[in-house]
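This report is meant for a reader meeting the structure for the first time. It takes up charged pairs, then one helix, and then patches on the surface.

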Amino acid sequence: MSTSTAAQAPSVSRRTSTPMAASTVSMRWNWFLLALTAVVGALLPFILTPAELSVAMRVIIFALMGIGWNMMSGFGGMFSFGHAAYFGIGAYTTAFLLLDVGMSPWLGMIVGMAVATAAAVGISYLALRYKVKGAYYALSTFAFAEMLRLFVMGNDGLHRTLGFTVPVLQGDNWGMFQFSADSPNYFWIGTGFLLVALIVSMVFLRSRAGRFTIATRDDEMAAAAIGIPVLRHKLTVTAISAAITAAAGTLYLQFYMFVDPEIAFGHAVSNNAIITAVLGGVGMLWGPLVGAIIVAPLSDLVAALLRNPPEWLALLSGQSGLDIVIYAVILIACVLVLPKGIVGTIVTRSRK
Amino acid sequence: MKKEEGTVKAATKLILVPTVAASLLALVGCQGSAALGGDHPDDTAKEVVIGSLHPLSGANAADGQQMSFAAQMAVDEINEAGGIESLDGAPLRIESVDTKSEPETAQSEATRLIQEGASALIGSFESGPSANISSVSERNEVPFVMDVAALDSILQQGYKYSFRIQPSGSMMGESSAEYLDQMTKDSGEDVTKVGVLYEQGNYGTAVEKAFANRIEELGMEVPSAISYDPASSDLSTQVQQAVAGGVDVLAVTGYYRDSLLISQAISSIAPEVKAVYGVANGGFDQTQFIDDAPNGGAGYLNANYRLDVTDDRARALSARFDKGFGAPMRASAALSYDAVNVIAEAVEEAASADPQMIRDAISHSDYEPVVVNDGRIDFDETGQNSHAAVSVLQVKDGAIRTVFPNDLAETVYTFPAPPTSAQN
């Protein structure tokens with residue numbers, strides 16, 4: 001199998017030579033955008049107040065979840081409805097190791113990523129081995145997340161439905177991944193995670209494995225026919241996706257300091273990952289970040305607007321739940337008007 | 001080839017522009033929201049702000065809106081009576097926000113309230129959001145008085161700035177067991193087996209554990225403890241499991257809707273039990289339950305926190321609330337009313353809007369609450385009101401009455417009170 005891959009490989013890369021050259025240019029832009037993200041991330045804590053920074057943290061966590069989901073579903077072509085599973089594994093592994101073993105959350109995060117990767121590869125292997133496809137595959141991922149949620153809810157060692165509370169330490173403690181409430185460190189670390197996740201995505205997509213993955217997504221049968229080991233590449237992209245999502249789980253835990261089965265494995269988590277990526281653009285490197293910048297602060301912005309509404313909106317003040325309605329309207333509008341997501345639509349338009 | 005590069009360049013430029021625009025927009029938006037906030041600690045002498053965090057939308061909005069209204073009522077009363085005397089009549093102000101039942105929202109809103117100058121916080125009905133607000137208030141050194149939040153572990157973190165008026169989940173479970181024991185003994189009935197049904201969330205789990213342990217310590221048996229998902233649409237199987245093999249009393253811990261389903265299942269299964277006993281049950285003591293439950297829920301017992309109906313002040317408050325809000329006052333709203341008053345008294349004593357000074361005054365609060373309490377409020381070193389108490393209620397003659405302990409009772413309890421007696 002592997003020898004035939006090697007033999008076929010040159011012809012594949014020759015065929016894709018034009019996009020390769022084009023992507024060298026877009027690569028330059030990607031690095032530029034990455035640098036911009038880093039600069040903005042580094043400066044934001046100086047501009048924002050602590051409360052706004054906690055909203056900005058939500059943007060980062062959403063973006064990481066979106067990037068994770070996008071890897072597997074956008075680039076890998078396997079629609080996942082159960083990314084809560086990997087997010088939850090990341091958060092719960094870290095919490096369990098921190099509280100019951102006393103392990104630093106940094107190490108806990110690594111272990112969580114490893115466990116999530118193993119779980120993702122295991123499930124995907126079974127699903128792909130038995131050719132569970134399309135909607136059925138999506139349902140199997142959903143079922144797995146639900147299964148984990150119910151398992152945790154019934155497991156005494158994981159505190160059942162009570163969840164884990166991270167003990168508050170005084171002052172900044174890098175070793176234990178904990179800082180004072182208004183510390184910018186959380187945001188900087190989050191930005192660091194985000195940059196790493198973006199770089200991993202970029203490097204992966206540019207690598208041979210990444211190209212094979214996309215070829216597999218676009219036409220699995222053709223890819224298999226020219227000798228691409230379809231299963232291996234699908235599992236690889238799933239593993240990367242799970243690891244990124246698990247890291248988001250640890251970041252969530254350390255910032256919010258509380259996690260329970262609903263927060264970690266609930267449907268809302270999977271939905272957030274999907275909505276973020278779909279709104280920004282499925283299969284677009286920058287899609288999830290753009291999606292997160294819009295989705296994560298939306299409810300806060302609407303709530304802030306309605307707290308002291310301008311005159312023409314005065315009749316809406318004091319109405320609770322309105323932000324959810326507006327959120328829904330924006331989502332519906334986006335799906336109708338921008339079916340390829342924001343980044344996807346812009347790229348398509350500019351190509352015409 | 002060159003042309004291709006050009007379009008790609010244009011394309012990426014087009015990605016860049018909205019990304020930057022969007023991030024700037026987010027920035028501007030955030031700045032806007034801060035500017036709207038206004039008040040900063042410097043002018044707190046003129047006004048003392050209390051942040052109120054409750055679920056104003058979503059599944060628990062009915063309680064959250066009552067609680068928010070009660071908090072506002074408490075503040076209005078204090079301001080009408082002349083505000084905070086020791087601060088030259090400075091008024092209190094409630095900043096009421098929606099937690100949406102989400103811990104993340106609770107956290108960002110609590111942070112915002114503190115940053116905008118709140119001197120203290122109250123909240124939040126649910127344990128998840130409350131746990132997050134606790135950690136925010138601890139790290140910002142601003143006192144947080146929990147009106148409703150049963151999860152024991154919130155106050156087991158060594159927090160100095162968190163207080164709870166409501167009895168904790170384990171306190172409610174234990175008292176419920178003790179009251180059941182006393183009531184059955186007083187009425188000369190022999191109760192040896194207690195079946196337990198509880199919702200599987202953290203509230204049900206915490207209460208059930210303490211209840212079942214205490215029941216066994218008191219020499220009774222718990223042959224079956226069955227948990228259920230409160231979102232289920234039918235609970236007959238679980239009721240059957242809980243009463244299988246014969247139990248004398250069926251104890252139920254749950255929310256409104258699921259407790260109603262249980263009462264319906266009990267009505268159709270008609271188990272031979274001497275009573276159905278709610279343990280911190282959120283359904284059996286709602287006026288709505290009498291309308292919805294089979295047979296008017298007659299005879300159902302429930303041990304829970306409650307407005308002290310033997311107290312004139314509490315009765316007058318309940319009447320005012322009913323008039324203002326348009327629905328009967330729930331015990332949760334009474335607890336919010338108490339939480340605001342605890343803070344107001346502390347501000348009065350501290351003669352300051354400084355959160356740390358208020359925290360110190362709260363820690364030795366001597367307020368007399370409108371909810372059933374063992375005397376005045378007394379926060380122990382963890383922040384738990386150690387005098388928090390439950391009373392037992394029973395549905396009698398189409399109304400919910402406090403029946404135990406005897407010194408708080410409106411009327412005598414009926415035991416045994418089989419749930420199907422009227423039909424037989």
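B:Glu116 and B:Arg112 are both buried in this predicted model, and the two form a salt bridge in which the closest N and O atoms are 3.0 Å apart. In general terms, side chains of opposite charge can pair when their charged atoms come close. Over all chains, a search of the whole structure finds 21 salt bridges, and three of these pairs are set out below.

| Salt bridge | Closest N and O atoms |
|---|---|
| B:Glu116 with B:Arg112 | 3.0 Å |
| A:Arg58 with A:Asp300 | 3.0 Å |
| A:Asp218 with A:Arg217 | 3.1 Å |

What does the pair A:Arg58 and A:Asp300 tie together? A:Arg58 lies in helix α3 (residues 50-75) of chain A and A:Asp300 in helix α13 (residues 287-307) of chain A, so the salt bridge ties together parts that are 242 residues apart in sequence. Both A:Arg58 and A:Asp300 are buried. In the pair A:Asp218 and A:Arg217, by contrast, A:Asp218 counts as exposed because its relative accessibility is 56%, over the cut-off of 50%, while A:Arg217, at 31%, counts as partly exposed. Chain A also holds a network of salt bridges, which links A:Glu146, A:Arg149 and A:Glu262.

Helix α5 of chain B covers residues 169-186, and at 1.5 Å a residue its 18 residues should span 26 Å, which agrees with the 26 Å between its end C-alpha atoms. The buried residues of α5(B) include B:Met172, B:Ser176, B:Tyr179, B:Leu180 and B:Met183. An α-helix has 3.6 residues a turn, so residues three or four places apart point the same way. After α5(B) comes B:Gly188, which has a positive phi, near 70°.

On the surface, A:Val39, A:Leu43, A:Phe46, A:Ile47 and A:Trp188 make a nonpolar patch of about 490 Å². Helix α2 (residues 17-47) of chain A gives the most to this patch, with four residues. A:Val39 has its place in helix α2 of chain A, and with a relative accessible area of 45% A:Val39 is partly exposed.

A patch of another kind, a negative one, is formed on the surface by B:Glu345, B:Glu349, B:Asp366 and B:Asp378. Of these residues, B:Asp366 is found in the loop between α12 (355-363) and β11 (391-396) of chain B, and B:Asp366 is partly exposed, its relative accessible area being 47%.

Definitions and conventions:
Residues numbered from 1 in each chain as written. Chains lettered and ligands numbered in written order. Predicted model: local features only at pLDDT ≥ 70, side-chain atom pairs only at ≥ 80, totals over all residues. Heavy atoms only, no water. Patch = residues over 30% accessible without salt bridge, like charges linked within 9 Å, V, L, I, M, F, W, Y side chains within 5 Å. Areas by Shrake-Rupley, 256 points an atom, 1.4 Å probe, with all protein chains shown as cover. Salt bridge = Lys/Arg side-chain N within 4 Å of Asp/Glu carboxyl O. Lys, Arg positive; Asp, Glu negative; His and termini not counted. Charge placed at Lys NZ, Arg CZ, Asp CG, Glu CD. Helix = DSSP H or I, 4+ residues; strand = E, 2+ residues; numbered from the N terminus. Buried < 20%, exposed > 50% of the residue type's maximum accessible area, 1.4 Å probe, protein only. Expected span 1.5 Å × (residues − 1).
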